[in-house]
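I opened my notebook today to look around a protein structure, one small piece at a time. Come along and keep the picture beside you.

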Amino acid sequence: MAKILMKGNEAIAEAAVRAGAVNYFAYPITPQNEVGEYLARRLPEVGGVFLQAESEVAVGNMLFGAASTGKRVFTTSSSPGISLMQEAISYMAGAQLPVVLLNIMRGGPGLGGILPAQSDYFQATKGGGHGDYRLLVLAPSTIQEAVDLTMLAFHLADKYRNPVMIIGDGMIGQMMEPVEFPDSYTEPELPPKTWAATGADGRKPQVVKSLFLDPIALEKNNILLHEKYQAMKREEIRFECYKTAPKNKILLVAYGTMARICQTAIDELEGEGISVGLFRPITCFPFPEEALYAEATKSNIETVLTIEMSMGQMVEDVERVVARQRPVKFFGRTGGIVPSPEEVIQQIKQILASGQPTKVKV
Amino acid sequence: MKQYEVTMAGFGGQGVMVAGQLLAYSGIKEGKNVVWLPSYGPEMRGGTAYCTVVISDVRIGSPIINNPTACCVFNRPSFDKFAPKVKSGGLLIVNSSLISASADRTDITQILIPANQMALEGGSVRSTNVAMLGCFIAATGIVEHKTMLKVLEEKLGAKKALLEINMNVFDAGYHFGISAVGERSHA
């Protein structure tokens with residue numbers, strides 16, 4: 001199929017349909033409204049259900065119900081809306097339900113603003129809801145990657161019977177880039193959903209639940225979940241290195257759109273004879289620990305600089321992984337302000353000169 | 001060309017978003033990498049709406065461009081906001097039908113084009129964006145004239161009358177741009 005120009009939100013919506021999503025429940029919020037607009041028109045064409053719920057709390061529970069039947073379900077929202085779904089997300093993780101969620105992050109906390117941010121990293125990767133659970137978290141940096149990862153997300157959700165969250169910022173949602181959809185979509189075979197509640201005619205009822213009053217049963221469930229997360233760490237790590245080279249003194253770490261901005265900074269610095277590399281996690285959970293450790297502790301690397309559209313969230317994972325083998329520095333902007341390539345360049349030069357990034361003056 | 005960035009700015013309804021998209025479609029047609037990024041922040045009524053298009057032979061990094069190679073400004077607030085941001089050595093195209101000013105800069109090329117008037121004469125003031133686009137393409141050669149005509153045909157093909165108006169206005173803008181650049185190179 002030829003490349004077509006699509007807005008991120010619409011491309012993600014189309015990718016979900018092509019991956020077999022037939023139930024979409026959502027409540028509108030900027031900057032991801034084009035997803036719902038697109039699916040309201042598109043899903044009826046494939047016999048799917050588009051439903052605008054009365055609230056994000058309702059959305060979360062609709063996802064739980066529909067996912068229990070074994071159908072592929074999908075929702076999209078932005079930061080405050082995702083917060084409202086946390087109870088249901090925790091229940092779905094506990095009940096081992098496959099579901100795909102997209103968070104087009106905006107500046108917070110609270111109602112915050114509508115401009116791009118990456119300040120929901122903690123929420124996505126460390127919980128957000130209560131209990132011992134994890135989401136598989138994917139962070140695209142281009143619209144094509146958003147398409148590919150959305151289709152993959154449905155497969156991974158089914159493979160692990162676990163909620164998968166795609167995180168992007170307002171730029172991923174709003175910008176247009178050429179995308180290509182596969183002519184025919186095939187995915188590795190998955191086991192039949194023998195757990196799904198599909199009607200108990202002629203068989204014993206299925207029970208889909210996160211309630212285990214017996215402590216032994218609950219711990220067993222938690223261990224089972226934990227084993228799945230360990231399997232994700234073995235099998236699902238994804239990352240990209242950009243211009244990592246033996247002469248680099250600084251290793252940048254950034255994900256999503258921020259990584260693209262770092263790429264531009266790296267290219268421009270190259271013109272000035274300064275060589276810098278970038279490590280870009282594509283899976284934020286499981287975090288690419290081994291690969292990052294290997295890059296960060298190469299003998300030529302003197303400083304690791306993490307750049308985010310937050311006050312510093314992923315940097316805690318970077319610090320954990322680098323484990324004081326190298327100084328880990330941080331630079332970030334928030335509130336919808338996106339660090340420009342020029343700002344990134346200035347921070348890199350500052351570190352090369354003095355070992356420290358400069359503080360943001362507002 | 002390695003990479004070219006252009007910001008199209010005006011007020012809501014002037015077609016700046018569509019102008020950017022038409023350019024992006026043309027870029028894809030010529031096998032280039034493109035990114036189209038709209039402004040979606042809070043704006044007051046009568047304020048500026050803008051989009052930035054990056055066209056590149058190489059992988060595109062930052063979609064955010066603070067200092068573009070070129071700006072097409074459709075109204076006065078956009079002129080005030082974006083004229084100072086054009087990269088040195090870059091291009092500023094000013095819709096002189098609505099902006100009675102030119103930037104106080106000698107480090108950039110400026111073209112003042114009466115785009116509204118041109119569109120009116122061509123049949124519809126709503127084609128102002130296409131006049132600006134024609135001028136931009138003539139002045140930069142960023143995509144070919146015929147590629148843009150093909151894109152217009154694809155997008156408006158079903159509406160023959162509208163297509164004819166837009167093709168005429170595009171041509172008028174294009175020829176205006178050619179002669180403006182020509183004059184500059186002879187000067």
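Below are my entries on this predicted model, chain A to begin with and chain B after that.

**Entry 1: how chain A is divided**

I looked up the domains of chain A and found domain 1 at 4–235 and domain 2 at 240–354. I then checked how far apart they sit: their C-alpha centres are separated by 28 Å. The two parts do meet, since I read that 31 residues of domain 1 of chain A touch 23 residues of domain 2 of chain A.

**Entry 2: the sheet of seven strands**

In which order do the 7 strands of this open sheet in chain A lie? I traced them as E3-E2-E4-E5-E7-E6-E12, and the pairing is mixed. As a reminder to myself, strands in a sheet pair through backbone hydrogen bonds, and they may be parallel or antiparallel.

Next I looked for the edges. Strand E3 (49–52) and strand E12 (283–285) of chain A each have a single partner strand, so one side of each has no neighbour in the sheet. The twist was my next stop: neighbouring strands here are turned by 20° against each other on average, ignoring direction.

I zoomed in on one pair. Strand E2 (residues 23–26) and strand E4 (residues 73–77) of chain A run parallel and are joined by 2 bridges. Across this pair, A:Tyr24 faces A:Phe74 of E4(A).

Then I looked at a helix. Helix H7 (residues 143–160) of chain A lies across E4, strand E5 (99–105), strand E6 (136–138) and strand E7 (163–169) of chain A. The angle between H7 and E7(A) is about 155°.

**Entry 3: the sheet of five strands**

Chain A also has an open sheet of 5 strands, which I wrote down in the order E9-E11-E10-E13-E14, with mixed pairing. Which strands stand at its edges? They are strand E9 (239–242) and strand E14 (328–332) of chain A, each pairing on one side only. From one strand to the next, the twist averages 20°.

I followed E14(A) to its partner. Strand E13 (residues 303–308) of chain A runs parallel to E14(A), and 5 bridges join them. One bridge pair I could name is A:Leu305 with A:Lys329 in E14(A).

A helix packs on this sheet too: helix H11 (residues 289–296) of chain A touches E9, strand E10 (250–253), strand E11 (277–281) and E13 of chain A. Its direction makes about 155° with that of E10(A).

**Entry 4: a strand covered on both faces**

Over to chain B, where I picked strand E4 (70–73). Are the residues on its two faces buried or exposed? B:Ala70 and B:Cys72 on one side, and B:Cys71 and B:Val73 on the other, are all buried, and both faces of E4(B) are covered.

I looked up its partners as well. Strand E1 (residues 3–10) of chain B is joined to E4(B) by 4 bridges, and the two run parallel. In that pairing, B:Val6 has B:Ala70 as its bridge partner. E4(B) is also joined by 4 bridges to strand E5 (residues 91–95) of chain B, again running parallel. There I found B:Cys72 opposite B:Ile93 of E5(B). Between E4(B) and E5(B) the chain passes through H2(B), and this β-α-β crossover is right-handed.

**Entry 5: B:Asn75, in the loop**

The loop between E4 and helix H2 (76–82) of chain B holds B:Asn75. Why do I call B:Asn75 buried? Its relative accessible area is 4%, and buried means under 20%. The side chain of B:Asn75 makes a polar contact of 2.4 Å with the side chain of B:Ser78. Setting aside residues up to four places away in sequence, B:Asn75 touches several others, among them B:Phe11, B:Gln14 and B:Ile99.

**Entry 6: one buried residue, one exposed**

I closed with two residues in helices of chain B. B:Leu152 is part of helix H5 (residues 145–156) and is buried, at 2% relative accessibility. Leaving out neighbours within four places in sequence, its contacts include B:Leu22, B:Val130, B:Gly157 and B:Phe170. I also looked up a distance: B:Leu152 and B:Arg126 are 26 residues apart in sequence and 14 Å apart in space, C-alpha to C-alpha.

B:Lys160 belongs to helix H6 (residues 160–186) of chain B. With a relative accessible area of 59%, B:Lys160 is exposed. A polar atom of its side chain lies 3.1 Å from the backbone oxygen of B:Gly157.

Technical notes:
Residues numbered from 1 in each chain as written. Chains lettered and ligands numbered in written order. Predicted model: local features only at pLDDT ≥ 70, side-chain atom pairs only at ≥ 80, totals over all residues. Heavy atoms only, no water. Pairing = 2+ DSSP bridges. Axes fitted to C-alpha atoms, helices over the stretch in contact; angles between N-to-C directions. Contact = heavy atoms within 4.5 Å. Buried < 20%, exposed > 50% of the residue type's maximum accessible area, 1.4 Å probe, protein only. Polar contact = N/O pair within 3.5 Å; in protein donor to acceptor, adjacent residues only side chain to side chain. Right-handed = clockwise from strand over helix to strand, strands pointing away. Domains from an automatic or database assignment.
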